[in-house]
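Let us walk through this structure together, one region at a time. Keep the sequence and the 3D view open as you read.

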2 protein chains.
Amino acid sequence: MSALANSNRATTVEVITIGDELLLGFTIDTNAAHLARALASIGVHIARRTTVGDNAAAIARAVAEALERSQGVITTGGLGPTSDDLTKPAIASLFGREMILDEAHLAWMEERWRRRFNRPLPTTNRAQAMLPAGAVKLDNHHGSAPGIWLEDERGRWVAMLPGVPREMRGMLADTLLPRVQARVAASTVVRSLTIRTTGVAESLLAERIERTESETGSLNVVLAYLPSISGVDLRLTVRDVPPQAADQALTEAAARLRRTVGEWIYGEGDDDLAAIVLDLCRSRGLTIGVAESCTGGLLGARLTAISGSSDVVLGGVIAYHNDVKGSRLGVDERALREHGAVSEEVVRQMARGAREATGARVGLSITGIAGPTGGTPEKPVGTVWIGTDIDGEVEARLLRLWGDRYEIRERAAQWTLEFLRSRLTEVAALPERQA
Amino acid sequence: MSALANSNRATTVEVITIGDELLLGFTIDTNAAHLARALASIGVHIARRTTVGDNAAAIARAVAEALERSQGVITTGGLGPTSDDLTKPAIASLFGREMILDEAHLAWMEERWRRRFNRPLPTTNRAQAMLPAGAVKLDNHHGSAPGIWLEDERGRWVAMLPGVPREMRGMLADTLLPRVQARVAASTVVRSLTIRTTGVAESLLAERIERTESETGSLNVVLAYLPSISGVDLRLTVRDVPPQAADQALTEAAARLRRTVGEWIYGEGDDDLAAIVLDLCRSRGLTIGVAESCTGGLLGARLTAISGSSDVVLGGVIAYHNDVKGSRLGVDERALREHGAVSEEVVRQMARGAREATGARVGLSITGIAGPTGGTPEKPVGTVWIGTDIDGEVEARLLRLWGDRYEIRERAAQWTLEFLRSRLTEVAALPERQA
């Protein structure tokens, strides 16, 4: 056990996040997760994460304990100008260093205030130019508090980063990661790759994948199923292998997943299905109009959230009330009466109406029961019809969605995008529009 | 210092969240914040929060250290049936307790599997019925892993909760909080109340409030400004006062804020402006139609996200392309040509068009430049016109919004809701619609 602990000590760091806001639960600690992923990708293992409040003794004690267990410590928070910000003096005192004024940083801050706010630097901000003796400044391109690197004679180090996520992330990527990487010279890393699927149940995916999973396992790649509202993400992770081997193993495992369940895969990482559908339409010269009932504009909002969507999305009709389905989308009264608003007949007419109302080549339509009320034994909450009309070729699909109102609406929009994606990728080449 | 530390020790607990997923940053730790807020509200102070991975030695070490510093420890995670779940045996071993089979719990689990899945209990799940000797079970109404309360002869305790947020939250509220509250008999608590504002800049709010802030301070109430996309939340917090005094101080401080900046306050806590606007409309017999350009359906989606919105929201038109503004909303070509799509003239016509297209009494309209492209020196990114038409009375407002595309669109929808709210609350009683 102690041998293991010693061998770990060479490549582990600990993270300490600082702030009463964190400790009291007013702020959710997203910095910690970001730091962990970034460090793992360069082979640095975080053995422990600690959160303490704005209290100099608590900060110093936590840092001292962490340095006993690890090679280095990264802190976030407590570098601002207010009296709560105690990180620097607490750690300086732990290292037995004086706080001294960094004239160059003071001058930079004074200039920044003059330029930005046309005001002299407030006295409270002067504390940000006080640094522990022997500290190395880490540049902050997104704020005025520099990060600090402090090292003792035994080579143990503390890196102090700001708590504001944008500042922390910038400084981590620009300055700290290269510095840590040079120091740890990690022979192995933890890396992951996420493959995004939608429109398929987790159990069906798993059944299909299990046939090849033994293979996947041979490369040390672990597969995790991450179901969410947008679909089931498949996260592939390799641990404790050399960087190049890690990337190769992930690429191979991803290729295997594409062969096995490729029909449901729409992207990787943070890919947004709306952006992918827009690209598909753009490359085929297709324009989109929408007709939404239970989603009330969500599908249009998803599509237009993407910058540059205006060359594809023309608009649409939110037909929440049946009268609007009739008057604005041309859904006939007979269909509404005989089949109900949530029916194949109506969703088909809505898809056509979406095209006619906007002059688009593609019409997308959604009508369903998002709940929590409005369900019947025949059409329970989660019953949603979706439709796609491509140049007059209409297809409709019945969905049985699950979850609460929010989830059902989000899923309905996502599955409609997937419905269009699958139709566009099935059809190798669409004919040009007839005049 | 040590006197303070000792006096703290009587009412502090530490939280330890367990899991490789947390440590590797794949999962963001939301349990910790929830626990902190819940404990603070009953007067329990969390002095430190620690995260360790799925490693029995690391778990035992962290718990042992925390018990040295505090009266009790709450852990989350590591109670499931898989081999990763090491919390119970690690802590049992730390307390010198054997793991013994809880026959009653085993029988309950077997019954549950038979009833739910029509299958015998898998062998791997039997581990969940193994409990440390002397443990008290904490009921889990949302899952099969019970929580565990373990106490040593010195009265120090560890409460082990599941890591799944829904299970953790249920168990905390139902079982653990009352138990901890009885034990700590806290004389003082930390409580907070959030007042929600929108449609006003933080600086203007602060200027107005500063006049009364000295008063607020006298009651020990701290005010924090929390700007977000939906507006500026004002969080009032009282610390270290008796429960009743805390609630009274918050109520009084909130009343003072209502007097000072009430015109921008739309709600408290988690209140959604869309729900508030719907209630206002409902009570006045008003129906809504929308006309959206740059928001592309977001306003409609916000309104229809609220369950029961169908008696107020009739529908609307997403007029992303100018042709749709003309053909579906009756915006005249001259206005588009002479003033451009982002103009007072067009937003007024859109508001009227929203009413006419849907037959609603209220029309809401939005047209603007969400960016990142499309801005000009006269109409930079963030220039948004919003309109409200109530029974034919049209008002329009020019917004200069900030942020990225996502933020500008979200703010545009939110400020439009606020525009309608302020108009509806200004007008004491609207006349009934003329036939």
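**A walk through the two chains**

Leaving aside its neighbours within four places in sequence, D102(B) is in contact with A129(B) and L131(B). Keep in mind from the start that this is a predicted model. To find D102(B), look in the loop of chain B that runs between β4 (99-101) and α6 (103-117). One of its partners, L131(B), is 29 residues away from D102(B) in sequence, yet the two C-alpha atoms are 6.4 Å apart in space. Is D102(B) buried or exposed, or something in between? There are 17 other C-beta atoms within 10 Å, so D102(B) counts as partly exposed; being buried would take 20 or more.

Now step back to take in both chains. Chain B can be laid on chain A by a turn of 180° and a shift of 0.2 Å along the axis, with an RMSD of 0.2 Å. That is how a two-fold axis relates its copies. In general terms, two copies of a chain are related by a rotation about an axis and a shift along it.

Where the chains meet, the contact takes 54 residues from chain A and 54 residues from chain B. On the side of chain B that touches chain A, several elements each supply at least two residues, among them α3 (30-41), β2 (45-52), α12 (322-329) and α14 (344-358) of chain B. Which element gives the most to this side? It is α3(B), with 8 residues. Sorted by class, the side of chain B that touches chain A holds 29 nonpolar, 17 polar and 8 charged residues. Of the interface residues of chain B, 100% are also interface residues in chain A, so the copies meet through the same surface.

Strand pairing also links the two chains. Strand β2 (residues 45-52) of chain A and β2(B) run antiparallel and are joined by 5 bridges. To pick out one of the pairs, start at R48(A): its bridge partner in β2(B) is V52(B).

Another contributor to the side of chain B that touches chain A is α14 (344-358) of chain B, and this helix deserves a visit of its own. At 1.5 Å a residue, its 15 residues should span 21 Å, and the end C-alpha atoms of α14(B) are indeed 21 Å apart, so the two values agree. How many of the 15 residues of α14(B) are buried? The count is 12, so α14(B) is largely enclosed by the rest of the structure. Among the buried residues are V346(B), V347(B), M350(B) and A354(B), and the list also includes R348(B), R352(B) and R355(B). After α14(B) comes G359(B), with a positive phi near 75°.

Over in chain A, a helix to compare is α10 (residues 273-283), where L273(A), A274(A), A275(A), V277(A), L278(A) and C281(A) are buried. For the geometry behind such patterns, recall that an α-helix has 3.6 residues a turn, so residues three or four places apart point the same way. The cover over the buried residues of α10(A) includes β12 (265-268), β13 (288-292), α11 (298-304), β15 and α15 (405-426) of chain A. Here too a glycine with positive phi follows the helix: G285(A) comes after α10(A), with phi near 70°.

For the wider layout of chain A, the chain is divided into domain 1 (2-184), domain 2 (189-268) and domain 3 (273-426). The centres of domain 1 and domain 2 of chain A, taken over C-alpha atoms, are separated by 35 Å.

Finally, some backbone details are worth a look. In chain A, a cis peptide bond with omega of about 0° joins G371(A) and P372(A), and P372(A) sits in the loop between β15 (362-368) and β16 (383-390) of chain A. In chain B, a cis peptide bond joins G371(B) and P372(B), with omega about 0°; the loop between β15 (362-368) and β16 (383-390) of chain B holds P372(B).

Positive phi turns up in a residue other than glycine at D240(A), with a value near 60°, and D240(A) is part of strand β11 (residues 231-241) of chain A. With 12 C-beta neighbours inside 10 Å, D240(A) counts as exposed. D240(B) has a positive phi near 60° too, and lies in strand β11 (residues 231-241) of chain B. With 13 C-beta neighbours inside 10 Å, however, D240(B) counts as partly exposed, because exposed means 12 or fewer.

How values were computed
Residues numbered from 1 in each chain as written. Chains lettered and ligands numbered in written order. Predicted model: local features only at pLDDT ≥ 70, side-chain atom pairs only at ≥ 80, totals over all residues. Contact = placed C-beta atoms within 7 Å. Helix = DSSP H or I, 4+ residues; strand = E, 2+ residues; numbered from the N terminus. Nonpolar A, V, L, I, M, F, W, Y, C, P; charged D, E, K, R; others polar. Pairing = 2+ DSSP bridges. Expected span 1.5 Å × (residues − 1). Domains from an automatic or database assignment. Least-squares fit on C-alpha atoms with pLDDT ≥ 70 in both.
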